[in-house]
Amino acid sequence: MAMRTGTGAAVAGFLSPAIALYAALVLIPVVMSVVYSFLDWQGYGASQFAGMDNFAYLLSDKIFYISLLHNVILALASVAIQIPIALGLALAFSSQGQYSKLLRSLAFSPMILPSAVIAILFMLLYNPFEGPLSRALTTIMGSPPDFLGSAMVLPSLIAAISWRYIGFYMMIMLAALSSVDRSLYEAASLDGAGPFACFRHITLPSIAPTIRLAVLLAILGSLKYFDLVYIMTKGGPDHSSELMTTYLFNQGVMSGRYGYAGALATALLVVSLSIGALVASLRSRRARAEAA
């Protein structure tokens, strides 16, 4: 018993710095955001209790609904674009060929670049007068397309975000593919199964949990995405690329409406927790169905 107590104390001692850091950087800011959502505070001076006024304004704020819709579009596009392409690249680079490691590194390299660098690269690419993509399309269309204008800004941002994160999901898929029992493929080939049949009946069922995890990460990541979008467009023009995070930042830091920004942060927290709870419920139902 004494040994167990000593081991528990040692584990607590090792975990305490991480717990303290997590509390300081995550838990306390979350709690403070919820507290600010009930206040009328401009970032300086005394604050006044606002009750539910910030949430009442949020429910009537059309820009909030626009930003939420953009987050939903970004989440759907991330799942529809990033996950299939990442899976295809993982299948293509899963062999131990001569150039597979180099190609994996190239596909993953956007993940190690700072968001500011990626934003500058795509802003140069999208430049309507000097950008190489604009020049190429001008020869076809006759006039330079406005990639960061209101009509095309969201698809243009989705392309930049997808380019960055495809390599991340590819590495997750590669790890899952490496754990699939190779003897299953050998047995299937002896039975005359082709590559598509092996993928459908062996590969896909084996890595299905990893694909579901990647989908969850893509959805939750789309809800909190901020830096690249803000650097490139700041949510504009005319809120056409506004996300919940950029709107929160604009209302809080740029406009000094910290109480309303707290309400936006609380709404974002509720949406994220709701999605997590829904996914957990679906997974538990699937587990019970498979056990039955």
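## Pockets and a cavity in a predicted model

The largest pocket holds about 980 Å³ of space. Its lining counts 40 residues, and the closest to its centre are Leu 223, Lys 224, Tyr 225, Thr 245 and Leu 268. Six elements are worth tracing here: helix 1 (2-36), helix 3 (62-93), helix 7 (153-178), helix 9 (195-223), helix 11 (244-254) and helix 12 (258-291) each give two or more residues to the lining of the largest pocket. Helix 12 gives the most, with 9 residues. By class, the lining of the largest pocket has 26 nonpolar, 11 polar and 3 charged residues.

All of this comes from a predicted model. The chain averages a pLDDT of 87, and 97% of the residues score at least 70. Among the elements of the chain, helix 3 has the highest mean pLDDT, 94. Helix 6 (residues 132-141) has the lowest, 77. Where pLDDT is low, the predicted coordinates should not be read in detail.

Next comes the second largest pocket, with about 300 Å³ of space. It is lined by 14 residues. Leu 91, Ser 94, Leu 177, Ser 178 and Arg 182 lie nearest its centre. Helix 7, helix 8 (182-190) and helix 9 each give two or more residues to this lining. The largest share, 4 residues, comes from helix 9. The classes here are 8 nonpolar, 4 polar and 2 charged residues.

Which elements give two or more residues to the lining of the largest pocket, and which to that of the second largest pocket? Helix 7 and helix 9 are named for both. Helix 8 is named for the second largest pocket, and helix 12 for the largest pocket.

The model also has 1 cavity of 30 Å³ or more. Its volume is about 30 Å³. Leu 74, Leu 154, Leu 157, Ile 158, Ile 161, Val 229 and Leu 243 line this cavity. Helix 7 gives the most to the lining, with 4 residues. How do the lining residues of the largest cavity divide into nonpolar, polar and charged? The split is 7 nonpolar, no polar and no charged.

The volumes and leading helices are set side by side below.

| Space | Volume | Element giving the most lining residues |
|---|---|---|
| Largest pocket | about 980 Å³ | helix 12, 9 residues |
| Second largest pocket | about 300 Å³ | helix 9, 4 residues |
| Largest cavity | about 30 Å³ | helix 7, 4 residues |

Definitions and conventions
Residues are numbered from 1 along each chain as its sequence is written. This is a predicted model: local features need pLDDT of at least 70, side-chain atom pairs count only at pLDDT 80 or more; totals for chains, interfaces and linings use all residues. Side-chain values use heavy atoms; hydrogens and water are left out. On a 1 Å grid over the protein atoms alone, a cavity is a set of points where a 1.4 Å probe fits but cannot get out, and a pocket is an open set with protein on both sides within 12 Å along at least five of seven lines; lining residues have an atom within 4 Å of a point. Grid points are joined across faces, edges and corners, and a volume is the space filled by probe spheres set on the points. Ala, Val, Leu, Ile, Met, Phe, Trp, Tyr, Cys and Pro count as nonpolar, Asp, Glu, Lys and Arg as charged, and the others, Gly among them, as polar. pLDDT is the predictor's confidence in each residue, from 0 to 100.
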